[in-house]
Amino acid sequence: MTVDDSPLLPVVDEDGAPFWEYAARGELRVQACASPACGELRFPPRPCCPHCGSFESAWREMSGRGRLWSYVVPHPPLLPAYAEQAPYNAVLVELAEAPRIRLAGNVVAGPDAPLNSVDPARLRIGAPVRAVFCPAGPGGGVTLVRWLLER
Amino acid sequence: MATLKDATAIAGIGQTAFAKRLPESEKTLACRAILAALDDAGIAPSEVDGFASYTMEETDEVEVAKAIGAGDVTFFSKVGYGGGGSCATLAHLAAAVATGQASVGVAWRSRKRGSGPRPWKNTAVQLPTPAQWTRPYGLLRPADEIGMLARRYLHEYGATRDHLFNVALACRNRANQNPAAIMYDHPLTREMYMTSRWISEPLCLFDNCLETDGALACVIVSAERARDCRHKPVYLHSVAQGLPAQHHGMVNYWNDDPLTGPAWTAARQLWKQADFGPEDVDVAQIYDAFTPLVPLSLEGYGFCGRGEGGAFTEGGALEIGGRLPVNTGGGGLSEAYVHGFNLITEGVKQLRGTSTAQVPDAATCLVTAGEGVPTSAVLLRS
């Protein structure tokens, strides 16, 4: 249960649960159709494949490399846990293997660094990034995927 | 096949005052706007048998019907996706009236967004999809979500903040002509815009709509009946809703092309049903919760090509006398933000010839709902 003044945690649903389970193991995986004739990736996860209708799916491991598709720098008014780190960046990363799969996240200086640990002036659309994993919440119960700028 | 084209008309419009804070409840404001619209049409409340509003509307049709003294109600409907539903309320009533499910339909929106809570502050109501993929990372507010699309749009097409300023300025200039507008007494300059505080870079304060208390309503009847009402009928020439393939709510980040939003889907349906095209539109009311929605919508509804929405705003194109005067009451940016319903009533005023910023001889008006969310639009004609 999230309280008002702590950072929000993902409210995981049945379709999304495997993503977070893999993230907790340090793996970035995306849902893919398991029909041999199809195999299309899809995000956000859902019960069946919009291309072929198959209900069989598998979670395919990604390299964790991507590029910034876009980003914003939010300023207050914000929820308290975010206001105290503002201005920070929130980014959308397109995955190197599958540019149409885009993940929201934050570019940070290290896996557990604050949201404002990278100067927004260093961000550019197209900048290469790679995924890191950060346990969050009480007891590290959820692992967030975050992003480091590649040199 | 049956068609809705010109089968129904808006016969009455009503509104309350707009303010940062109004003392009355949303329910009371809803009733005031609805009764004003019925009075405007010259139709008794007891004749109302159809209602349509937004799923986010707090006052149910049950409360409204019993308060205003409606009779037997035989059609009622609510449309989802926030401001994307504004024009769809008219579309649903047009279908109901044209097919005989109701004869007098009322659409309304009442909202205390000025003095009431900001929806994004509610951390208890987090939709699992797609919020689990965005909210933990501090993409909290609609301004953050649209800001993401806006930066990509500016990057991809070479549009600039000056183009967004053109949108904010056109709306503000019209509000400065409209005594009912919240920003009536507040001119906007380029310097004010360029030096204002950020909300979510690249969006500044003046890229964001107002936070308003207020309510509006309109009355829809058959075209035949509208001709016997108090005002010149404003016909619903074409109506459309739009939910594109692989779309995901407001954070439309996961289809192939996030800059081609629901407006494109609604537009295809809207123009397919119409006797005229974008070049024949005299005035437009384009949903403006955020300035970038206007260039995105100009592209989607076919006023210019893809990526040309920013350039379209140049040279006073959106002002009175320009290529396409928009948001002539001031819009959500400068008149009032009531989920786009004031854009509908302003469209009616233009075609009646009673706007405070009247486009000479306006006979056709496009009204759009929120872009980025599953949306809707109507073409009005006199």
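## Notebook: a two-chain model, A and B

**Gly16(A).** I started in chain A, where Gly16(A) sits in the segment before α1 of that chain. The model is predicted, so I keep that in mind for everything below. Is Gly16(A) buried or exposed? I counted neighbours: 21 other C-beta atoms lie within 10 Å. The cut-off for buried is 20 or more, so Gly16(A) goes down as buried because of that count. I also checked a distance to Val30(A), which is 14 residues along the chain from Gly16(A): their C-alpha atoms are 9.8 Å apart.

**Domains of chain A.** Next I looked up how chain A is split. The assignment gives domain 1 as 12-61 and domain 2 as 63-151. I get 22 Å between the C-alpha centres of these two domains of chain A. Each side puts residues into the contact: 8 from domain 1 of chain A and 8 from domain 2 of chain A. Which element gives the largest share on the domain 1 side? Helix α1 (residues 17-24) of chain A does, with 3 residues. I sorted that side of domain 1 by class and found 7 nonpolar residues, 1 polar and no charged ones.

**Record for chain A.** I then pulled the UniProt annotation. An unreviewed entry places "domain: ChsH2 C-terminal OB-fold" on residues 59-133 of chain A. In the model that span is 39% strand and 5% helix. I noted 17 Å between the C-alpha atoms at the two ends of residues 59-133 of chain A.

**Where A meets B.** How many residues does each chain bring to the contact? I have 34 from chain A and 32 from chain B. On the chain B side, α4 (128-131), α5 (142-157) and β5 (198-201) each give at least two residues. The most comes from α5(B), with 6 residues. The class count for the chain B side is 13 nonpolar, 11 polar and 8 charged.

I also found strands pairing across the two chains. Strand β3 (residues 65-74) of chain A runs antiparallel to β5(B), with 2 bridges between them. Within β5(B), Glu201(B) is the residue opposite Val73(A).

**The sheet in chain B.** I wrote down the strand order of an open sheet of 9 strands in chain B: β3-β2-β4-β7-β1-β8-β11-β10-β9, with mixed pairing. Which strands are at the edges? They are β3 (75-79) and β9 (283-285) of chain B, each pairing on one side only. On average, neighbouring strands in this sheet are turned by 25° against each other, ignoring direction. Helix α1 (residues 26-41) of chain B lies across β1 (8-15), β4 (105-112) and β7 (213-222), and it runs at about 130° to β1(B).

**Around β11(B).** I spent some time on this strand. All 7 of its 7 residues are buried. Both faces are covered: one side has Thr375(B), Ala377(B), Leu379(B) and Arg381(B), and the other has Ser376(B), Val378(B) and Leu380(B).

I went through the pairings one by one:

- β8(B) and β11(B) run antiparallel and share 7 bridges; Arg381(B) in β11(B) has Tyr235(B) opposite.
- β10(B) also pairs antiparallel with β11(B), over 5 bridges; here Cys365(B) is opposite Leu380(B).
- β9(B) and β10(B) run parallel, joined by 3 bridges; Gln285(B) has Val367(B) in β10(B) as its bridge partner.

The β10(B)-β11(B) hairpin has 6 residues between the strands, and I noted a positive phi near 100° at Gly372(B) there.

**Helix α9(B).** Last, I checked which residues of α9 (residues 262-272) in chain B are buried: Pro262(B), Ala263(B), Trp264(B), Thr265(B), Ala266(B), Ala267(B) and Leu270(B). What do these buried residues pack against? I found β8 (234-242), α10 (293-300), β10 (364-368) and β11 (375-381) of chain B. That brings me back to β11(B), the strand with 7 of 7 residues buried.

**Record for chain B.** The UniProt annotation here, again from an unreviewed entry, is "domain: Thiolase C-terminal" and covers residues 256-376 of chain B. Over that span I read 32% helix and 8% strand, with the end C-alpha atoms 21 Å apart.

Key. Residues are numbered from 1 along each chain as its sequence is written. Chains are lettered from A and ligands numbered from 1 in the order in which they are written. This is a predicted model: local features need pLDDT of at least 70, side-chain atom pairs count only at pLDDT 80 or more; totals for chains, interfaces and linings use all residues. A residue is buried if 20 or more other C-beta atoms lie within 10 Å of its own, exposed if 12 or fewer, and partly exposed in between; C-beta atoms are placed from the backbone. Helices (H or I, at least four residues) and strands (E, at least two) are DSSP runs, numbered from the N terminus. Two residues are in contact if their C-beta atoms, placed from the backbone, lie within 7 Å. UniProt positions are given in the numbering used here, feature names are shortened, and annotations may be inferred rather than shown by experiment. Domain bounds come from an automatic or database domain assignment. Ala, Val, Leu, Ile, Met, Phe, Trp, Tyr, Cys and Pro count as nonpolar, Asp, Glu, Lys and Arg as charged, and the others, Gly among them, as polar. Two strands pair if DSSP finds at least two bridges between them. Axes are lines fitted to C-alpha atoms, for helices over the stretch in contact, and angles run from 0 to 180 degrees between N-to-C directions.
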